[in-house]
Every structure is written in structure tokens, then in C-alpha cells.
Protein chains: 2
Amino acid sequence: MKLTTKGRYAVTAMLDLAIHAKASPVTLQDISGRQGISLSYLEQLFAKLRKNDLVKSIRGPGGGYQLQGAADSVNIAKVIDAVNESTDVTACGGKGNCHDGQQCITHDLWCELSEQIHSFLSGITLQDVIDKQQLKKQNQPSTDKGAESLTHNTFILSQVG
Amino acid sequence: MKLTTKGRYAVTAMLDLAIHAKASPVTLQDISGRQGISLSYLEQLFAKLRKNDLVKSIRGPGGGYQLQGAADSVNIAKVIDAVNESTDVTACGGKGNCHDGQQCITHDLWCELSEQIHSFLSGITLQDVIDKQQLKKQNQPSTDKGAESLTHNTFILSQVG
DNA sequence: ATTTACCCTACTATTTTACTCAGGTATAAT
DNA sequence: ATTATACCTGAGTAAAATAGTAGGGTAAAT
């Protein structure tokens with residue numbers, strides 16, 4: 001599990017799609033303008049998103065991209081994994097044969113934690129993120145500083161449970 | 001919130017410290033050997049960990065590093081933030097002044113999600129990760145494939161709640 | 001036929017990562 | 001005191017990832 005700006009771009013673009021591509025598809029040009037990502041870079045990201053069946057494309061004039069499924073069927077982990085593809089990460093090639101026992105402990109620990117993070121992000125869909133934002137907007141019209149931690153935890157619980 | 005191999009190294013090293021530095025401090029030489037990270041790179045990482053009061057150093061022969069606090073008082077988010085330092089991330093400088101309303105929506109959505117992830121990792125301490133691994137070892141002596149998701153979620157719930 | 005907008009490959013600049021080198025300083029042991 | 005240890009620091013550097021450019025294609029709507 002890797003969480004870089006690349007994955008951020010992908011998630012941001014997917015959220016943009018989820019919001020704007022209700023009826024007609026959205027062009028990469030539009031996303032590029034709204035999110036400040038270069039068109040060609042978006043094309044590269046969407047090539048990967050398409051290969052992973054996360055989006056579908058419509059060619060020609062009036063064409064663009066749409067989510068392949070519903071916004072509540074696409075989770076964040078899938079999106080990030082799609083653009084990152086094949087992060088082996090493990091020093092010993094995942095076979096756990098890096099010398100004898102002791103050496104491998106912390107290595108295993110990290111793998112365990114990495115799975116936790118992945119599992120966590122698998123439980124959050126694009127729709128969840130959008131809904132949460134709507135809720136926040138309603139509760140706090142303009143000023144929005146402070147008192148964050150509590151609402152976060154309740155959100156997490158509602159997602160996982 | 002960024003989750004790169006750099007952060008992985010830092011977390012791995014901290015876990016190594018938590019396990020080995022019970023009585024006497026641990027040298028970077030030792031961690032370097034166990035975890036396969038170059039000594040000088042470790043020195044750079046630990047300089048940042050020290051500045052953030054996550055570890056304390058003992059100089060001279062017999063010296064090395066120890067955790068500043070107890071293993072259950074250090075959370076994963078702190079460790080990762082310490083070595084990454086200042087990820088502005090936001091395209092509009094966090095002031096939310098990137099044009100009018102619409103443009104900023106997905107931007108806000110990502111920030112929201114990013115906070116969720118941060119909050120999630122703040123709820124997991126080094127000790128938690130170690131404990132979880134111990135538990136896994138006991139339940140499954142050697143073969144450890146399949147049936148993962150369920151135990152993960154219970155772990156997450158126990159951490160956050 | 002022309003325009004639109006996806007599609008694809010290769011190339012390049014920038015940044016980050018990970019490491020090396022070359023010194024220093026505090027401390028324990030002799 | 002001297003020496004060895006191991007932290008500390010900064011500058012430089014190779015490799016990789018990120019982000020973007022360039023230059024072509026192809027499918028489809030007008």
C-alpha cells in the first residue's frame with residue numbers, strides 16, 4: 001500500500017467523475033481544468049483506471065469518461081492500487097526467507113500494518129467521501145476550524161462496522 | 001498524509017527499537033544489519049525522529065537509540081509525519097481560494113479523506129502492531145493464507161473505539 | 001470530411017529517495 | 001590522556017518516481 005500524490009490525483013479525479021458525470025460523460029479536459037492536473041498526465045492515469053475496470057470511456061465528440069460502476073461500489077484502495085500497480089515493497093521478496101526468524105519480525109509487522117491500512121481504505125467508497133463532505137457543509141456553513149477528531153472517529157466506525 | 005517507502009523505513013526502524021531496546025539502547029548499525037537499510041540513511045531518518053521527540057540518543061560506546069516514550073504512546077502517524085515533514089499537498093495552498101466553489105469540491109474531499117487516514121493511523125501505536133503480530137503467530141503456527149478481512153476489521157474497531 | 005476526444009508511445013524535466021563521503025562531537029573504557 | 005565507539009552534520013550523487021511534453025494515432029458524432 002502506497003499513498004502518494006499520484007494516488008491523490010487518481011482519487012481526486014475519480015471524485016470529480018462521481019460528482020460531474022451523472023448524465024453525460026466528463027472530458028479529461030474538464031477535469032484538467034478543475035483539478036489543475038495536466039491533460040497528458042490524466043490520460044496516463046485513466047489508461048490504468050480503465051484497465052482496472054474502474055472507468056469506462058466514450059469516444060468522439062460529446063464523449064469522455066464515466067465511472068464503470070456506482071459511486072458507492074468503488075472504494076479508495078482500488079483506485080490507489082490501480083495507478084500504483086505492483087508495489088512489492090518487501091525486502092525479502094515476500095517469501096519471508098530473509099535470514100533466520102529475528103530479522104524478519106519488523107518486516108512482518110509492517111506488512112501487517114500495511115494490510116490494515118489497505119483494509120481501512122477498502123471500506124471507504126467514493127460516495128462515502130462525498131456524503132461526509134455534504135454533511136460537514138450543512139453543519140458548518142462557513143467557519144470550519146477545530147473540533148474535528150471526534151466526528152472523524154464516528155465516521156470511521158460507521159464505515160468499518 | 002503521505003505513505004511512502006521512506007515512512008515504511010521509519011516505522012520499521014521504530015518497531016525494531018520497540019522490540020530490541022528494552023534494557024540497553026540499540027545502535028543504528030544493528031538496525032541497519034537487521035532491516036537492510038544503509039547506516040547513513042538511518043542517521044538522516046533518526047535526526048528527524050529525534051527532532052520530533054520520538055527517540056532519545058545516548059552517545060559514546062554502549063550508546064544508541066531508545067524510544068522517547070513507551071511503545072504504546074507512539075502512534076504510526078507521528079512517525080510518518082516526522083520523516084516526511086510539511087506536506088502542503090493542497091493545490092490552492094490550503095486557503096481554499098482556488099476560484100469559485102465548484103473547483104474546490106474534490107479538493108476538499110481529498111483533504112477530508114486524508115484526515116481520515118491520518119486519524120486512523122493516529123489510533124494505532126507501535127505496541128498495537130506488535131501485539132497483533134504476536135496474536136497472529138499464536139493462532140496460525142505456520143500456514144497463514146486466506147480469511148484475513150474479518151480479523152482486520154475487528155482490529156480496526158478495537159483501535160478506534 | 002471534419003471535429004472531438006479518447007488512445008498510445010516515447011521522451012524529458014523535476015523531485016524524491018536512498019545512499020555515499022567526509023568530516024565532526026560526546027562519552028565510556030582503557 | 002588516549003582511544004574506540006557511536007551519535008551528529010552537511011554536502012554531494014546515483015537511481016527511481018513523479019509530472020509533464022510531444023507527436024502521433026483511432027473511434028464516433030456532426
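This briefing covers the protein surface around DNA strand C, the aromatic pairs, and the make-up of chain A. The model is a predicted one. DNA strand C is surrounded by 28 residues, and 68% of the strand atoms that come within 4 Å of the protein belong to sugar and phosphate. Over all chains, the structure holds five aromatic pairs. Chain A has seven helices and two strands.

**Surface near DNA strand C**

- The closest residues to DNA strand C are A:Ser57, A:Tyr65, B:Thr5, B:Ser40 and B:Arg59.
- By residue class, the surface near DNA strand C is made up of 13 polar, nine nonpolar and six charged residues.
- The side chain of B:Thr5 has an N or O atom 2.5 Å from a phosphate oxygen of DNA strand C.
- B:Tyr41 also faces a phosphate oxygen of the strand, with a polar side-chain atom at 3.1 Å.
- A base nitrogen of DNA strand C lies 3.2 Å from a polar side-chain atom of A:Glu43.
- In chain A, the elements that give two or more residues to this surface are α3 (39-51), β1 (55-58) and β2 (64-67).
- In chain B, the elements that do so are α1 (5-20) and α3 (39-51).

**Aromatic pairs in chain A**

- One pair is formed by A:Tyr9 and A:Tyr41, which meet edge-to-face at 6.0 Å centre to centre, with 85 degrees between the planes.
- A:Tyr9 lies in helix α1 (residues 5-20) and A:Tyr41 in helix α3 of chain A, so this pair ties together parts that are 32 residues apart in sequence.
- A:Tyr9 counts as partly exposed because its relative accessibility is 24%, a value between the 20% limit for buried and the 50% limit for exposed.
- A:Tyr41 is likewise partly exposed, at a relative accessible area of 28%.
- A second pair, A:Phe46 with A:Tyr65, is tilted, with 4.7 Å centre to centre and 45 degrees between the planes.
- This pair links helix α3, which holds A:Phe46, to strand β2, which holds A:Tyr65, across 19 residues.
- Both A:Phe46 and A:Tyr65 are buried; A:Tyr65 is also among the closest residues to DNA strand C.

**Chain A as a whole**

- The order of elements from the N terminus is α-α-α-β-β-α-α-α-α.
- Chain A has 161 residues, of which 45% count as buried.
- Among contacts in chain A with a separation of 6 or more, 66% are between residues 24 or more positions apart.
- The accessible surface of chain A is about 8,200 Å², and carbon and sulfur atoms account for 48% of that area.

Technical notes:
Residues are numbered from 1 along each chain as its sequence is written. Chains are lettered from A and ligands numbered from 1 in the order in which they are written. This is a predicted model: local features need pLDDT of at least 70, side-chain atom pairs count only at pLDDT 80 or more; totals for chains, interfaces and linings use all residues. Side-chain values use heavy atoms; hydrogens and water are left out. A residue is near a molecule or strand if one of its heavy atoms lies within 4 Å of it. A polar contact is a pair of N or O atoms within 3.5 Å; within protein, one must be able to donate a hydrogen and the other to accept it, and residues adjacent in sequence count only if both atoms are side-chain atoms. Helices (H or I, at least four residues) and strands (E, at least two) are DSSP runs, numbered from the N terminus. Ala, Val, Leu, Ile, Met, Phe, Trp, Tyr, Cys and Pro count as nonpolar, Asp, Glu, Lys and Arg as charged, and the others, Gly among them, as polar. Rings of Phe, Tyr and Trp (its six-membered ring) pair if their centres lie within 6.5 Å; planes under 30 degrees apart count as stacked, over 60 as edge-to-face and the rest as tilted. Buried means under 20% relative accessible area, exposed over 50%, partly exposed in between (1.4 Å probe, protein chains only). Contact means heavy atoms within 4.5 Å. Accessible areas come from the Shrake-Rupley method with a 1.4 Å probe; for residues, only the protein chains shown count as cover.
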